[in-house]
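Visitor: I am new to this structure and should like to learn how to read its features. Would you please guide me through them in order?

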Amino acid sequence: MITMTGVNKWFGRFHVLKDIDLAVATGERIVICGPSGSGKSTLIRCINRLEEHDEGRIVIDGIELDEDTRNIAAIRREVGMVFQQFNLFPHLTVLENCVLAQRRARGTPRKEAEARAMHYLERVRIPEQADKYPARLSGGQQQRVAIARSLCMEPKVMLFDEPTSALDPEMIKEVLDVMIDLAGTGMTMIVVTHEMGFARKVADRMVFMDEGRIVEIAPPADFFAAPKSDRASLFLSRIL
Ligand code: ADP
Ligand code: MG
């Protein structure tokens with residue numbers, strides 16, 4: 001579904017992604033972890049072109065991510081993303097947040113867009129909040145709306161960038177539970193998170209990054225039991 005080969009990126013002189021090779025199969029769940037500043041966000045932002053890579057190739061579902069704006073648009077239709085900050089539109093109700101992109105990007109008729117919105121709001125277990133404005137919701141509920149909104153576009157891949165980092169502890173589980181459900185549907189997922197309980201449950205492979213490189217890729221059982229690199233052991237000893 002996703003192939004990154006020899007991907008390099010610089011911010012000015014700063015070499016932020018170094019020789020990234022990563023292939024993600026359809027239905028696979030990847031969890032990316034690593035110290036702050038190691039390039040995790042930049043890596044996943046390159047997958048939907050929120051950031052541009054300078055060298056190497058990124059191919060998603062057979063479409064190469066290059067200068068061709070038609071390709072970029074096609075990939076954005078297939079790749080959903082959920083951020084640490086929920087980025088909901090504050091002036092729109094929960095339902096309208098879920099309807100807007102469908103109408104704008106797809107021209108979906110209103111009735112159909114609303115029905116799909118309600119379907120995914122049920123999936124994230126908050127259909128009863130549909131007519132409220134985001135500010136009325138808890139952080140956990142807002143993040144679940146953000147997930148529903150992404151799912152309304154029926155993406156083939158979902159990217160999550162520290163989706164629970166901005167949440168109070170008691171709300172983390174409700175968001176992770178929704179993500180576990182989503183994993184159960186066979187969605188291809190790349191999740192940047194330090195929630196290692198989630199990673200053990202859901203990840204097919206762990207990717208550990210440090211200083212712009214992928215240092216280690218391993219199944220969670222191996223990664224947690226015996227990380228191969230000193231940097232990964234040190235990282236795990238700090239967060240577990
Ligand atoms: P992580 O998500 O692993 O914490 P990031 O991908 O956000 O790391 O950032 C990696 C490095 O790139 C950091 O040192 C960060 O300061 C730098 N960086 C991120 N975005 C930009 C930007 N737009 N311009 C310059 N430097 C950036
Ligand atoms: Mg980040």
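Guide: Let us begin with a term. Helices and strands are DSSP runs, numbered from the N terminus. The model before us is predicted. As an example of the term, Lys 9 has its place in strand β1.

Visitor: Is Lys 9 buried or exposed?

Guide: Buried means under 20% relative accessible area. Lys 9 has a relative accessibility of 6%, so this residue counts as buried.

Visitor: Which residues is Lys 9 in contact with, leaving aside its neighbours within four places in sequence?

Guide: Among them are Phe 14, His 15, Val 16 and Leu 17. The contacts of Lys 9 also include Thr 42, Cys 46, Glu 51 and Asp 54. Ser 229, by contrast, is 220 residues from Lys 9 in sequence and 24 Å from it in space, C-alpha to C-alpha.

Visitor: Let us turn to the sheets. How do strands of a sheet pair in general?

Guide: Strands of a sheet pair through backbone hydrogen bonds, either parallel or antiparallel. Here, an open sheet of 4 strands follows the order β2-β1-β4-β5, and its pairing is antiparallel. Its edge strands are β2 (14–24) and β5 (63–64), each of which pairs on one side only. Between β1 and β2 there are 7 bridges, in the antiparallel sense. As one instance, Thr 3 has Ala 23 in β2 as its bridge partner.

Visitor: Which helix lies across β1, β2 and β4?

Guide: That is helix α1 (residues 40–47), which runs at about 120 degrees to β1.

Visitor: Where is Met 1 found?

Guide: Met 1 belongs to the segment before β1 (2–11). Ala 23 is 22 residues from Met 1 in sequence, and their C-alpha atoms are 7.7 Å apart in space. Not counting residues up to four places away in sequence, Met 1 touches Val 24, Ala 25 and Thr 26, and its contacts also include Asp 61 and Lys 156.

Visitor: Asp 61 and Lys 156 lead me to Glu 78. Where does Glu 78 lie, and is it buried or exposed?

Guide: Glu 78 lies in helix α2 (residues 69–78). Its relative accessible area is 15%, so Glu 78 is buried. Leaving aside neighbours within four places in sequence, Glu 78 is in contact with Asp 61, Ile 63, Pro 155, Lys 156 and Val 157.

Visitor: What is the order of the sheet that 6 strands form?

Guide: This open sheet has the order β6-β7-β8-β3-β9-β10, with mixed pairing. At its edges stand β6 (79–82) and β10 (213–218); each has a single partner strand, so one side of each has no neighbour in the sheet. From one strand to the next, the twist averages 20 degrees. The strands β9 and β10 run antiparallel and are joined by 5 bridges, and Val 207 has Ile 217 in β10 as its bridge partner.

Visitor: Which helices should I place against this sheet?

Guide: Helix α5 (residues 139–151) lies across β6 and β7 (157–161), at about 170 degrees to β6. Helix α9 lies across β3 (29–33), β9 and β10, at about 100 degrees to β9.

Visitor: How should I read a nonpolar core?

Guide: In soluble globular proteins, nonpolar side chains tend to be buried together. In this structure the largest nonpolar core has 50 residues, and Leu 121, Ile 147, Phe 160 and Phe 223 are among those with the most contacts inside it. Helix α6 (residues 169–184) gives the most to this core, with 8 residues. Apart from this core lies another, of 30 residues, including Met 4, Ala 74, Val 79 and Val 207.

Visitor: How many aromatic pairs does a search of the whole structure find?

Guide: The search finds 3 aromatic pairs. In one of them, Phe 208 and Phe 223 are tilted, 6.3 Å centre to centre with 35 degrees between the planes. Phe 208 is in strand β9 (residues 205–210) and Phe 223 is in helix α8 (residues 220–225), 15 residues apart. Both Phe 208 and Phe 223 are buried.

Visitor: Why is the pair of Phe 208 and Phe 235 tilted?

Guide: Planes under 30 degrees apart count as stacked, over 60 as edge-to-face and the rest as tilted. The planes of Phe 208 and Phe 235 stand at 45 degrees, with ring centres 5.4 Å apart, so this pair is tilted. Phe 208 lies in strand β9 and Phe 235 in helix α9 (residues 230–239), so the pair ties together parts 27 residues apart in sequence. Phe 208, Phe 223, Phe 224 and Phe 235 form one aromatic cluster. Over the ring of Phe 224 sits the charged end of Arg 200, 4.3 Å from the ring centre.

Notes
Residues numbered from 1 in each chain as written. Chains lettered and ligands numbered in written order. Predicted model: local features only at pLDDT ≥ 70, side-chain atom pairs only at ≥ 80, totals over all residues. Heavy atoms only, no water. Helix = DSSP H or I, 4+ residues; strand = E, 2+ residues; numbered from the N terminus. Contact = heavy atoms within 4.5 Å. Core = buried A, V, L, I, M, F, W, Y, C linked by side-chain atoms within 4.5 Å. Buried < 20%, exposed > 50% of the residue type's maximum accessible area, 1.4 Å probe, protein only. Phe/Tyr/Trp six-rings, centres within 6.5 Å; stacked < 30°, edge-to-face > 60°. Lys NZ or Arg CZ within 6 Å of the ring centre and 35° of its normal. Pairing = 2+ DSSP bridges. Axes fitted to C-alpha atoms, helices over the stretch in contact; angles between N-to-C directions.
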